[in-house]
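The following note sets out comments on the model under review. The points begin with the ligand and then turn to the fold, the core and the confidence of the prediction.

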Amino acid sequence: MSEQGETGGGAAPVESNVPDDVDLDDVDPETADSSIEESAKTVPRGLPLRVQNLRKTFGGITAVDGVSFEVEEGSLTGLIGPNGAGKSTTFNCITGVHEPDSGTILFKGEEITGQRPHEIAQKGLVRTFQIARELEEMTVLENLMLAPQDQEGEKLTNAITPGLRDQVKRDEEAIREDVWEMLEFFEIDHLAEEYAGNLSGGQRKLLEMARALMTDPEMLLLDEPFAGVNPTLEEKLLERIHELTDRGYTFLLVEHDMDLIMQNCEHIIVMHQGDLLAEGTAEDIRNNEQVVEAYLGEDV
Ligand code: ADP
Ligand code: MG
């Protein structure tokens, strides 16, 4: 998974286009316009993520060629497509890993295009990361204890500042409680003292998601979270995702496996060669000839 790097996307934060006096609660979703200028001002509640005309090239390669879609609040939305369709590039543009050539990304009505991953994460839009090498040498418990600070882009300097110690200690106790809850939720509490580096592929994925959740997100983006996961743990991970969706979290799941997305996602977006090919329910997608052709034409 070469797309896991956190480099790039180094542009200055973009100011929000939402005027202070716009009350998003008053916006009627029925009448809200979908044009870019309008959407920045009047994004309805219920569409936390809006991607507008997203375009990203690498040298001569157009990885994403003007893609627009929306993700509904509390939904489990799937983004599928054959290899090279541009899914990961889209994912990386949304999460701030890549800076798009053009286009707009709005999260809860605020433009986040070109912001850094930790800035975007602070706003509640969080992606999972592979467990980095230095975290492999820490226990599962330590990994989760560190996750909230990680996303704030802060070091543990507070812990060594006199006077702040008590505050930090209290916070740590609160975090520890959350961590144990998280460990139990993912049924990895028996692994708390295990080094992350010793986990199986599937257990790592559970830890990666637990780490992402420790940052208190509203929306989670997962790029091929089931790669290298055995069927039993895949089932467990899917159950957890459904449970979290029921609790109100929003998911965008990027996946190559069409069947998996068909069976689990209420809304599906299909990309092919940098374009948005189709969008709809599993039923819509199943009956879409272009989608079937795109997958048949795949040389894997
Ligand atoms: P997917 O995730 O759907 O398989 P990607 O977004 O990874 O597709 O890739 C889309 C296209 O962009 C492919 O042709 C790929 O080779 C190219 N691409 C992706 N990332 C890079 C990069 N960092 N540098 C150059 N080309 C890239
Ligand atoms: Mg990919």
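1. The shell around ligand 1 consists of Phe 58, Ile 61, Ala 63, Gly 81, Asn 83, Gly 84, Ala 85, Gly 86, Lys 87, Ser 88 and Thr 89. It should be borne in mind throughout that this is a predicted model.

2. Which elements supply at least two residues each to the shell around ligand 1? They are β2, spanning 61–71, and α2, spanning 87–94. The largest share is that of α2, with three residues.

3. As to chemical class, six residues of the shell around ligand 1 are polar, four are nonpolar and one is charged.

4. The protein as a whole contains 11 helices and 10 strands. Of its 300 residues, 40% are buried. When contacts between residues at least 6 apart in sequence are considered, 67% of them join residues at least 24 apart.

5. The largest nonpolar core comprises 65 residues. Met 182, Ala 210, Leu 220, Phe 251, Leu 252 and Leu 253 have the most contacts inside this core. Helix α7 provides the largest share of the core, namely six residues.

6. Helix α7 merits a point of its own. The helix runs over residues 201–213 and has 13 residues. From its first C-alpha to its last, α7 reaches 19 Å, which is close to the 18 Å expected at 1.5 Å a residue.

7. How many of the 13 residues of α7 are buried? The count is 11, and the helix is thus described as mostly covered. The buried residues of α7 include the nonpolar-core member Ala 210, and also charged side chains, among them Arg 204, Lys 205, Glu 208 and Arg 211.

8. Leu 252, one of the residues with the most contacts inside the largest nonpolar core, can be examined in further detail. Beyond its neighbours within four places in sequence, Leu 252 is in contact with Leu 49, Val 71, Thr 77, Leu 79 and Leu 221. Of these partners, Val 71 belongs to β2 (61–71), the strand that also supplies at least two residues of the shell around ligand 1.

9. On confidence, the average pLDDT of the protein is 82, and 77% of the residues score at least 70. Two stretches call for comment. Over residues 1–45 pLDDT stays under 50, and the model has 65 contacts beyond four places in sequence for this stretch. Over residues 151–159 pLDDT likewise stays under 50, with 12 contacts beyond four places in sequence.

How values were computed. Residues are numbered from 1 along each chain as its sequence is written. Chains are lettered from A and ligands numbered from 1 in the order in which they are written. This is a predicted model: local features need pLDDT of at least 70, side-chain atom pairs count only at pLDDT 80 or more; totals for chains, interfaces and linings use all residues. Helices (H or I, at least four residues) and strands (E, at least two) are DSSP runs, numbered from the N terminus. The expected span of a helix is 1.5 Å times one less than its number of residues. A residue is buried if 20 or more other C-beta atoms lie within 10 Å of its own, exposed if 12 or fewer, and partly exposed in between; C-beta atoms are placed from the backbone. A residue is near a molecule or strand if its C-beta atom, placed from the backbone, lies within 6 Å of it. pLDDT is the predictor's confidence in each residue, from 0 to 100. Two residues are in contact if their C-beta atoms, placed from the backbone, lie within 7 Å. A nonpolar core is a set of buried Ala, Val, Leu, Ile, Met, Phe, Trp, Tyr and Cys residues joined through C-beta atoms within 7 Å.
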